[in-house]
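Let's take a walk through this two-chain model, going from the place where the chains meet to the way the helices pack. Have the viewer open and follow along.

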Amino acid sequence: MATELEDTREPIVDDQEGAQAPPFSPAELARLDEALTMSSRETGLRFTLYIGELPTDTRAGAEELHARSGGDAAESVLVALAPDQRVLEIVTGSAAARRLPDRACALAVLTMTGRFGAGDLVGGIVNGLRQLSDQAGHPAANRPRH
Amino acid sequence: MTVVETLLVFVVAPLAVVLLAYGLVLLPALKERARYKPGTPWGHAAVWYEPHPEGGAHGGGHEEVEHTTGAQAAALTIGETAGHPRDTVGNPRRTASGGARGTW
């Protein structure tokens, strides 16, 4: 399984010189980049986005990716989508799960899969991330005190 | 009007106009990359995007340091036990504790 899931983590940068063209246009990449970075910055959680093949047991594959997502895994949220398998998995770490209960994730999944079904991958991802970060709110340190 | 002129005016000219319209319609679609349609093969290598680090470093050296796993893994081993994603044997430990799944 480890060979199947390659570690391709990278922040989105403009000058990508991959052998294969990225699946998104520069404008779409900019939207994804902003959604990822802003939702991570607002919530203090670490959102990462994986797009590619997952093993047959997609849940186990996504959880394995989450374990390898770098940084503090407890605070990280992995959004993994497999366009070939038409599966979307959201995996939350232990600290992230307290602020993003499974029901909130399920609602975001519903939003996203609705857009994916219409062929709008980027719109679905951006809206889903927005919904997740709205639900998670600000980290405790940044919250206004009453 | 000769036969050639008739052909030019009534066949070639309309054909040219039609082809021009055809080209104008199809050109933008050709420039655009193939749009994802559910059910069609994806055909791209797996990508894994992560947020830019706090402070907005953009492709700087700082970023490189942050993404070399060796140094970071060592730091995590020493500093943190709670979020440390490897067990004693060195296999990735299960870090997931929630989430959701959906298909389309």
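Start with the strands: E2(A) and strand E1 (residues 47-50) of chain B pair up in the antiparallel sense, with 3 bridges between them. For one spot to zoom in on, find A:Tyr50, which stands opposite B:Trp48 in E1(B). Keep in mind that this is a predicted model.

Now zoom out to the whole interface. On chain A, 56 residues are in contact with 37 residues of chain B. Which elements of chain A supply at least two residues each to the side that touches chain B? They are strand E1 (9-11), helix H1 (26-43), strand E2 (46-51), helix H2 (58-67), strand E4 (87-93), helix H3 (94-99) and helix H4 (102-117). H4(A) gives the most to that side, with 8 residues. Sorted by class, the residues of the side of chain A that touches chain B come out as 26 nonpolar, 15 polar and 15 charged.

H4(A) is worth following further, this time inside its own chain. Its axis and that of helix H5 (residues 121-136) of chain A come within 8 Å and cross at roughly 165°. An angle over 145 degrees counts as roughly antiparallel, so that is how H4(A) runs relative to H5(A). The crossing of these two helices, H4(A) and H5(A), is right-handed. On the H4(A) side, the residues that meet H5(A) include A:Ala104, A:Leu107, A:Ala108 and A:Phe116; on the H5(A) side, A:Gly123, A:Gly124 and A:Gly128 are among them. By class, this contact between H4(A) and H5(A) has 8 nonpolar, 7 polar and 1 charged residues.

H5(A) also packs against H1(A). How do the axes of H1(A) and H5(A) cross? They come within 9 Å, at roughly 10°, and the two helices are therefore roughly parallel to each other. H1(A) brings residues including A:Leu32, A:Ala35 and A:Leu36 to this contact, while H5(A) brings A:Val122, A:Val126 and A:Leu129, among others. Here the classes of the contact of H1(A) with H5(A) are 9 nonpolar, 3 polar and 4 charged residues.

Finally, hop over to chain B. An unreviewed UniProt entry annotates residues 6-27 of chain B as "transmembrane region". In the model, residues 6-27 of chain B are 100% helix and 0% strand, and the end C-alpha atoms of the span lie 31 Å apart.

Conventions. Residues are numbered from 1 along each chain as its sequence is written. Chains are lettered from A and ligands numbered from 1 in the order in which they are written. This is a predicted model: local features need pLDDT of at least 70, side-chain atom pairs count only at pLDDT 80 or more; totals for chains, interfaces and linings use all residues. Two residues are in contact if their C-beta atoms, placed from the backbone, lie within 7 Å. Helices (H or I, at least four residues) and strands (E, at least two) are DSSP runs, numbered from the N terminus. Ala, Val, Leu, Ile, Met, Phe, Trp, Tyr, Cys and Pro count as nonpolar, Asp, Glu, Lys and Arg as charged, and the others, Gly among them, as polar. Two strands pair if DSSP finds at least two bridges between them. Axes are lines fitted to C-alpha atoms, for helices over the stretch in contact, and angles run from 0 to 180 degrees between N-to-C directions. Angles under 35 degrees count as roughly parallel, over 145 as roughly antiparallel, 65 to 115 as roughly perpendicular and the rest as oblique. A crossing is left-handed if the near helix is turned anticlockwise from the far one by less than a right angle, and right-handed if clockwise. UniProt positions are given in the numbering used here, feature names are shortened, and annotations may be inferred rather than shown by experiment.
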